Amino acid sequence: MISLRKKRKPIAIPMSSMGDIAFLLMIFYMATTLVTDQKPLELILPKVESESMSSPYPLIIYLDKKHSENRSVYFFNQDIPYSQLGEVILDRASEAPSAVRVYLNIEKDIPYEHMQEVINALKDAGIANLIITTQPPEKIPGQKQ
Amino acid sequence: MSVKIRKKRRDMEDIPLSSTADIAFLLIVFYLASSSLLEFRGVSLPLPKKDAPPMEILKENIFRIFINENGLILHNKQVYSLGETMEILKKERKKNPEVVIVLKVNPNAPSQMVPKLLREMQKAKIEKFSMGMEKK
């Protein structure tokens, strides 16, 4: 018996451009992310409903109980005394390619005098704005915001 | 008479490129999985200039509030909750738009009260304020 059906060639989907798309995505992702060498400290921050204030060049000051007892802060993997904080911040800010934002991650129960010392050091260094970081309060189910 | 010997044309060999997409996507997945997202939420505190002259405020425009060592808010030696304080501040501003809130914080007060109060003041659009620490 003779078959009259034509044998169709299998359809090939061109996949070569997929590689280009994927590599473009990767380049975009790498170019838009920031690599920081600062190891963070886990702190219990004040619970306040606040807005997101992200920055491409964050300078994060950590102040926990241990550091406050030594009258120092944790900044870029180092313990910095309050008296040297302004100088160190200015050094870091000068290395950044664009404007920086200074964040203060302070544990919620640290006495206020330590916060004031950090504020004074930043003020003396000419920092115009400080962001006191917070964490969002826990939402109780059924409670209206 | 010369005889032309033609070389046989070889077909172009295809390099299989379909796997490069898989490699690139695997790299993206690795990159996404190994990086962490930094997101900060916080309260912005504008700092005065180092050599800025002291603010001159008329006595009648000053409204003082204190945060004591237990983190309680006081006005005229009376304790108020955060909500009550905000109501008082809003009323005061309505009465006198030139009012400046002078906040004095006890050195031993828990620092968390400061961003809480600042945030509420920002929400209420109270921008004229001064903050300092009580003398020890």
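This short talk describes how chain A and chain B meet in a predicted model.

Good morning. Local features here need pLDDT of at least 70 and side-chain atom pairs count only at pLDDT 80 or more, while totals for chains, interfaces and linings use all residues. Residues are numbered from 1 along each chain as its sequence is written, chains are lettered from A in the order in which they are written, and side-chain values use heavy atoms, with hydrogens and water left out.

Let us begin with the extent of the interface. Contact means heavy atoms within 4.5 Å, and 47 residues of chain A are in contact with 40 residues of chain B. The buried area, that is, the accessible area (1.4 Å probe) that two parts lose on being put together, summed over both, is about 3,900 Å². Carbon and sulfur atoms give 66% of that area.

I turn now to charged groups. One salt bridge is counted between the two chains; the term denotes a side-chain nitrogen of Lys or Arg within 4 Å of a carboxyl oxygen of Asp or Glu. The partners are A:E51 and B:R119, at 3.7 Å from N to O.

Which strand of chain B is joined to strand 6 of chain A? Strand 1 of chain B, residues 41-46, is joined to strand 6 by six bridges, and the two run antiparallel. Strands are DSSP runs (E, at least two residues), numbered from the N terminus, and two of them pair if DSSP finds at least two bridges between them. Within this arrangement, A:T134 stands opposite B:R41.

Thank you for your attention.

Conventions: Helix = DSSP H or I, 4+ residues; strand = E, 2+ residues; numbered from the N terminus.
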